[in-house]
Amino acid sequence: AILENAADGFVKLNNGSFPIVGKLAFSEQMQGKPDIKEISWQPEDAEASMSGDLGYSWGNWKFITPDTTFYGNYVTIWKKEDGKWRIVLDGGSDSPKPKTE
């Protein structure tokens, strides 16, 4: 989903590793990795600029593996390019299991 909505020069910040800069670099990093189907996220809030071309969303994510469930939070910065919202920066970190889980 990130690649479909990412701007060409987007930056992916990862917990415990260096940033990945660029859609192509992110695509290359993901090659050969199994397709992740057990990840979900829940936005908590989002806002857009008055000009309507820049915004952010943040919330919580959950990643389920056969033997462990991981939790975290994220923030995504969006920019409108050619009439479509594109991800320009995405990052997050691990967190404890939410109390509402």
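Let me begin with a term: a residue is called buried when its relative accessible area is under 20%, exposed when that area is over 50%, and partly exposed in between. By that cut-off Lys 12, with a relative accessible area of 13%, is buried. Please keep in mind throughout that what you have in front of you is a predicted model.

I will stay with this lysine for a moment. Lys 12 sits in strand β1, and, once residues up to four places away in sequence are set aside, it touches Ile 2, Pro 19, Ile 20, Phe 26, Asp 90 and Gly 91. Which of these partners forms a salt bridge with Lys 12? The partner is Asp 90, and the closest N and O atoms of the two are 2.8 Å apart. The pair links distant parts of the chain, since strand β1, which holds Lys 12, covers residues 6-12, while Asp 90 belongs to strand β6, residues 84-94, and the two residues are 78 apart. Asp 90, at 9% relative accessibility, is likewise counted as buried. The structure holds one salt bridge, and the side chains of Lys 12 and Asp 90 are also joined by a polar contact of 2.8 Å. As a general remark, side chains of opposite charge can pair when their charged atoms come close.

Now to the nonpolar side. The largest nonpolar core consists of five residues, namely Ala 6, Phe 10, Ile 20, Phe 26 and Ile 87. Of these, Ile 87 is in contact with Ile 2, Asn 5, Ala 6, Ala 7, Phe 10, Thr 76, Ile 77 and Trp 78, if we leave aside its neighbours within four places in sequence.

That brings me to the aromatic rings, where a search of the whole structure finds two pairs. In one of them, Phe 10 and Phe 26 meet edge-to-face, with 5.5 Å from centre to centre and 75° between the planes. Because Phe 10 lies in strand β1 and Phe 26 in helix α2, which spans residues 23-30, this pair ties together parts that are 16 residues apart in sequence. Phe 10 is buried, at a relative accessible area of 0%, and Phe 26 is buried as well, at 8%.

There is also the pair of Phe 63 and Phe 70, whose ring centres are 6.2 Å apart and whose planes stand at 20°, so this pair is stacked. Are these two rings buried or exposed? The reply falls in between, because Phe 63, at 24% relative accessibility, counts as partly exposed, and Phe 70, at 39%, counts as partly exposed too.

How values were computed: Residues are numbered from 1 along each chain as its sequence is written. This is a predicted model: local features need pLDDT of at least 70, side-chain atom pairs count only at pLDDT 80 or more; totals for chains, interfaces and linings use all residues. Side-chain values use heavy atoms; hydrogens and water are left out. A nonpolar core is a set of buried Ala, Val, Leu, Ile, Met, Phe, Trp, Tyr and Cys residues joined through side-chain atoms within 4.5 Å. Buried means under 20% relative accessible area, exposed over 50%, partly exposed in between (1.4 Å probe, protein chains only). Contact means heavy atoms within 4.5 Å. A salt bridge is a side-chain nitrogen of Lys or Arg within 4 Å of a carboxyl oxygen of Asp or Glu. Helices (H or I, at least four residues) and strands (E, at least two) are DSSP runs, numbered from the N terminus. A polar contact is a pair of N or O atoms within 3.5 Å; within protein, one must be able to donate a hydrogen and the other to accept it, and residues adjacent in sequence count only if both atoms are side-chain atoms. Rings of Phe, Tyr and Trp (its six-membered ring) pair if their centres lie within 6.5 Å; planes under 30 degrees apart count as stacked, over 60 as edge-to-face and the rest as tilted.
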